[in-house]
Amino acid sequence: MRRGFLFVALAAAFVSAAAPASAQQTEPAPRVDATAVLVANAATGEVIFARNADARAAIASITKLMTALVVLEHAHPEDVVTVRRLASTVGESTVHLRPGERISVRDLLAAALIQSANDAAFALAAHVGDGDVRRFVRLMNAEARELGLEDTHFVRPDGLDVPGHYSSAEDVLALARAAMRRPLVRRLVRMESGRIAGGRTLFAWNDLLGEFPGLRGVKTGHTAAAGWCQVAFARRDGVGVYAVVLGSPSRGERNRDLAAILEWGFAQYVRLKVVVPERTYATAEVPFSDERLALLAAGPAAAVVHVGRPLVEEIVVPATVELPVRRGKRLGEIRVLEGDRVVARRPLVAAETVGDAGLEERAGWYADRAFSEAGEMLSGVFGGVL
């Protein structure tokens, strides 16, 4: 195995001309006025900036991501829910559900995730809990344990303030990533508006939808105890970034700070061509010949990598090839690593065809080798005498 080092700063020649200048340097994270802040790579979950990320705090309606997860594990989107009186009495953000009204799980999830409707969350909880919302909350907490959310505990399905209902920025990130694996959740949280049964029109509380380029959701929240909260996911040019802000003092500050740390998150990554086709990455000995066979990458590879972080090329090739060899035959592999993570891999192939050596070629090679070795021996003997 041959190892060589390639640094992002040295690979600037491979960066697309459209790459932002900020991708060539790492700036400090912008100041955010909030209780807790976190920025992470969407693909790997790697946290690239955090402050008070493990501190327990109220998360308001971000709670509804867990409500949606549990509902989708125990009900089908086309199931019909009969609204119970309890749900119709829940206040603050609502879609004005009526007792006895029949409405689909899909419409209630839309109401809960787009407009953050508390009555929709309770209607879903009562449906899955067979009329017992506390049973549903136990399912929420069981799911939190399953996801490894050690700093999370739920008391309500809507996230309104109540003692003992809390999470953390780290756990919110994990919850959001789990929720975004659900296709229906992904579709709903990026909608700015929608229509559901009863002629209801929904409007999202997520102010960055349609405003911040590449934003795909996921959930906002606000209560007196929680302040202004949001977990957001955005994707641009193959780079995905999550950002969490908990306890911002105002809606406007939350929006500005969230946009700023998302932009900062994108600036921490760049897409590079890390494997170049037709480049000779290694050579191998050819039997019965003083020539070496060039081994080329079979094709290009690009990867999203952290700016300023070293990349390592690992090249695995045979010391000597077996004849005959056809051009394009796979003879090895190049792997590009960022830390322990393999960001790209491609086969290494023969640059040309090499036929099997005939009897005359083999005899001539052995004769040349014997003559060369004899000359070296004599040189050593007489060189010492002289």
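This passage describes the overall make-up of a predicted protein model and then turns to one of its sheets and the helix that lies across it.

Across the 386 residues of the protein, 49% are buried. The secondary structure consists of nine helices together with 17 strands. Among contacts with a separation of 6 or more, 64% link residues that are 24 or more positions apart. The protein exposes about 18,700 Å², and 51% of this area is supplied by carbon and sulfur atoms.

A helpful place to begin looking is an open sheet built from five strands. Reading across the sheet, the order is β3-β2-β10-β9-β8, with antiparallel pairing. The edges are taken by β3 (47–51) and β8 (215–223); each has a single partner strand, so one side of each is left without a neighbour in the sheet. From one strand to the next, the twist averages 5 degrees. In general, the strands of a sheet pair through backbone hydrogen bonds, in either a parallel or an antiparallel arrangement.

At the β8 edge, the partner is β9 (residues 227–236), and seven bridges join these two antiparallel strands. A handy landmark for finding this pairing in the viewer is Lys219, which stands opposite Val231 in β9.

The sheet also has a helix lying across its strands. Helix α6, spanning residues 169–179, lies across β2 (36–41), β3, β8, β9 and β10 (239–248). Relative to β10, helix α6 runs at about 135 degrees.

Note on methods: Residues numbered from 1 in each chain as written. Predicted model: local features only at pLDDT ≥ 70, side-chain atom pairs only at ≥ 80, totals over all residues. Heavy atoms only, no water. Helix = DSSP H or I, 4+ residues; strand = E, 2+ residues; numbered from the N terminus. Buried < 20%, exposed > 50% of the residue type's maximum accessible area, 1.4 Å probe, protein only. Contact = heavy atoms within 4.5 Å. Areas by Shrake-Rupley, 256 points an atom, 1.4 Å probe, with all protein chains shown as cover. Pairing = 2+ DSSP bridges. Axes fitted to C-alpha atoms, helices over the stretch in contact; angles between N-to-C directions.
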